[in-house]
Amino acid sequence: MKHLRKPLLILFSAVCLTASAQFGVFNPSESFNYIDQGTGKTVTVLTDTTRNDRFLYQTDPMFTADGRYIVFRSSSRSNADEIVSKDGKHRYKPTFYYFIELESGKIIQATDDSSISNIYLGNRSNKLFYNKRDKDGGWKMYVMDLDRFFTDAKAGKVKASKKYETYIGSFPESMGRPNNFCVSCDDQWAYITVERDGTDEEKEEMKALAFKPKDNQPIKIQPVLSGIRKMNLNTGEVSMVANVLFRTGHIQCSRFRPEEIVFCNETGGDANQRMWYCTADGTVLKPLYNETPLDWVTHETFASEDYVYFNVLGFQSRLRKQASGIFRINLRTDDIDVIGQTELGIDAKTQLTGRGFWHCNASRDNKWAAGDTFAGNVWLIDVATGHRYQMASDAKMTPDHAQPFFSPDGKYMFYQSGHFTNGKRLNLMKIKID
């Protein structure tokens, strides 16, 4: 079935290449179903397998506030000119952002400006927040009116992309060097991670506290002094939240309480203390889940009102001397639940070492947890019973990981997979939870 379908997809993409690159044009659905040979589940492929499409990172909202559209990014759909790096050594296609209309499967290109760095969907309204970097390195925040954009696109009267955006504000150089951001669930504030210079005393303290890798592992990302700032999305005013003595990463906001933020100590690997919790006014800044030397914590996600889900890795033999797998922590009580683990042994059929879960997520009602494994399988876990269901196989985990997540109503699981291209490109997948 898979081999019969693929030539048709190649023909389709060749015919529609120009149309799919047009800003504000709804293009026909690329969806089709196939049976996962490892699980027997019906998987809906949302995007043409000749493309290279990716969801956002698992910590970020993927659905518009009305639940009708899901966002993804791609560098393979546009006929825009290649970008040349400043040193002239690298050429690459720009990444633009697209939406899939879930009811019809139609796909629409929603950005055409290669200077857009990061995006974040509004929680209460159909807005798309994003920042741009100008030629001088300045960092500016904008918001796009998605309701007006979709309405015009459906009427065939879409305007230039700048007609749908509103400038919010610029980040002042005195507040640090801005990177990523998230938006509070009331759409009032952007919380922005920054690098900063700091004092000599802070730098020495940072070096003393920095994680020392075990077993001669390389240091992937060097520590820097950093912090969090916030921008008022009505006025553009920027103010202080907190400073820390490590590199901040994966900043995310609660989808239920506007004052709560979670972020991590980003090392590119293990850390002495990975997860951190902060309030929007900076009055509370504390570790989230106190780690032991054998805890390799990663891929935390702010999934529901009272819980952050995360992985304690078990991919090395030394890490399997205590519990590993998908965990969650209660933000009100600090209580810890172990949700489940799988594939720590060697699979008899493939001889691949599963090495357990790598990423995780949860439905907003805490009924379901999801995880992908090092061997490229995607699992669903009933949180109440601990029962595991394998939902997908052969996701390859290259060129990126499966990173499963749920629809807002908890009825569908989404993930990305290199199955159809043997790990050369990614396609976007959906499975109904029966």
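Which side chain meets that of E195 in a salt bridge? I shall begin there, noting that what we have before us is a predicted model. The partner is R247, and the N to O distance is 3.0 Å. This pair links distant parts of the chain, 52 residues apart. E195 belongs to strand β15, residues 189-195, while R247 sits in the loop between β17 (238-244) and β18 (248-253). As for its surroundings, E195 has a relative accessible area of 23%, so it is classed as partly exposed.

That bridge has company, for the structure holds 20 salt bridges. Let me turn to another, formed by R54 and D400, in which the closest N and O atoms are 3.5 Å apart. Where do these two residues lie? R54 is in strand β4 (residues 53-54), and D400 is in the loop between β29 (388-392) and β30 (405-406); the pair therefore ties together parts that are 346 residues apart in sequence. Are the two partners buried or exposed? Buried requires under 20% relative accessible area. D400, at 16%, is therefore buried, whereas R54, at 22%, counts as partly exposed.

The loop that carries D400 has a further feature. P399 also has its place in the loop between β29 and β30, and the peptide bond leading from T398 to P399 is cis, with omega near 0°. For context, most peptide bonds are trans.

A third bridge joins D337 to R328, with 2.8 Å between the closest N and O atoms. Here R328 is the buried partner, since its relative accessible area is 12%; D337, with 28%, is partly exposed. Salt bridges can also be linked to one another: E30, D53 and R77 form such a network.

I close with the backbone. Most residues other than glycine have a negative phi. Which value does phi take at Y289? It is near 70°, which is positive, and Y289 is not a glycine. This tyrosine is found in the loop between β21 (285-287) and β22 (297-302), and it counts as buried because its relative accessibility is 13%.

N422 likewise has a positive phi, near 55°, in a residue other than glycine. N422 is placed in the loop between β31 (412-417) and β32 (427-432). Its relative accessibility is 57%, so N422 counts as exposed, while Y289 is buried. Thank you for your attention.

Methods. Residues numbered from 1 in each chain as written. Predicted model: local features only at pLDDT ≥ 70, side-chain atom pairs only at ≥ 80, totals over all residues. Heavy atoms only, no water. Salt bridge = Lys/Arg side-chain N within 4 Å of Asp/Glu carboxyl O. Helix = DSSP H or I, 4+ residues; strand = E, 2+ residues; numbered from the N terminus. Buried < 20%, exposed > 50% of the residue type's maximum accessible area, 1.4 Å probe, protein only.
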